Amino acid sequence: MRAVLVGPPGAGKGTQAQILASELSIPKVSTGDIFRANVSGGTELGKKAKEYMDRGDLVPDEVTNAMVKDRLARDDAAAGFLLDGFPRNVAQAETLGTILADLDTSLDVVLELRVDEEEVVKRLSGRRSCPECGRVYHVEYDPPNAEGRCDNEGAELYQREDDREETIRHRLEVYREQTAPLVEFYAARGLLATIAATGSVEEVTARAKAAIEKAGADS
Ligand code: AP5
């Protein structure tokens with residue numbers, strides 16, 4: 001299964017990608033997670049990405065595309081992957097098509113997670129993440145067993161820099177202007193499956209699995 005998850009910030013892409021990747025035994029490839037790991041590791045890539053991320057803007061395509069090309073060429077992605085947060089604009093989608101054609105493969109499905117903007121603001125302002133394993137929680141909707149600590153690692157959870165309300169609003173604008181056109185782009189190619197990303201995490205997972213299974217059966 002080669003799938004892309006697309007949806008506004010806070011739609012639950014990372015949450016669902018983690019669950020689905022584990023159930024399907026394929027890697028979750030999250031450009032946001034790769035950038036954040038590079039920022040906290042102080043790498044050259046992290047230094048380039050940080051100023052864009054802090055503002056809520058997209059990191060330039062040449063940086064992002066090269067990073068994804070390297071990641072998808074690794075052995076663990078040969079049997080499939082779930083892309084979370086890439087592509088983010090039409091130019092990245094075209095590059096992804098070329099990367100996959102060079103690897104002699106193609107996408108099976110693009111899963112759009114749909115949720116309204118006020119819900120997104122509530123979700124992101126309560127989000128907490130584990131610095132060790134990347135697992136995402138919500139203080140109210142999906143709390144850890146022990147307050148402020150990861151269930152897997154016991155590490156202290158942190159709040160992302162770009163989850164302040166004004167940056168969230170800017171990220172939503174960037175989504176509307178640059179990423180939302182991908183819905184039409186992939187619908188025109190017969191790859192789009194749209195699900196409601198509201199309700200519990202488990203309900204969204206059930207809808208996502210049904211859409212992915214249908215895409216697998218159709219392809
Ligand atoms: P990225 O990390 O990709 O951020 P994003 O797209 O803004 O998405 P989020 O991670 O904020 O949300 P999500 O949909 O994954 O939601 P989550 O599952 O965490 O990108 C960050 C930055 O990196 C970008 O701004 C950009 O600078 C850069 N970047 C990344 N990719 C790039 C690219 N391709 N090109 C250029 N730049 C790029 O859930 C959110 C919260 O809601 C959590 O607290 C969760 O517990 C909760 N939640 C989840 N599901 C539910 C539910 N069903 N009900 C209630 N709460 C829920």
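User: How do I read the packing of helix α2 against helix α4?

Analyst: Two packed helices are described by the angle between their axes and the distance between the axes. In this predicted model, α2 (residues 31–41) and α4 (residues 61–72) pack at about 100 degrees, with axes 11 Å apart. That makes α2 roughly perpendicular to α4 (65 to 115 degrees counts as that). Helices here are DSSP runs, H or I, of at least four residues, and axes are lines fitted to C-alpha atoms, with angles from 0 to 180 degrees between N-to-C directions.

User: Which residues make the contact?

Analyst: From α2, it's Thr 31, Ile 34 and Phe 35; from α4, Val 63, Thr 64, Met 67, Val 68 and Arg 71. Contact means heavy atoms within 4.5 Å. Five of these residues are nonpolar, two polar and one charged.

User: Cool. And which residues come nearest to the ligand?

Analyst: Out of 35 residues around the ligand, Thr 15, Asp 57, Arg 127, Tyr 137 and Arg 171 come nearest; "around" takes a heavy atom within 4 Å. α2 turns up again, giving the largest share of that shell, four residues.

User: What about polar contacts with the ligand's oxygen atoms?

Analyst: A polar contact is a pair of N or O atoms within 3.5 Å. A side-chain N or O atom of Thr 15 sits 2.6 Å from a ligand oxygen, and a backbone N or O atom of Gly 14 is 2.8 Å from one.

User: Anything to know about the numbers?

Analyst: Residues count from 1 along each chain as its sequence is written, and side-chain values use heavy atoms, leaving out hydrogens and water. Local features need pLDDT of at least 70, side-chain atom pairs 80 or more, while totals for chains, interfaces and linings use all residues.

Terms used
Helix = DSSP H or I, 4+ residues; strand = E, 2+ residues; numbered from the N terminus. Parallel < 35°, antiparallel > 145°, perpendicular 65-115°, else oblique. Nonpolar A, V, L, I, M, F, W, Y, C, P; charged D, E, K, R; others polar. Polar contact = N/O pair within 3.5 Å; in protein donor to acceptor, adjacent residues only side chain to side chain.
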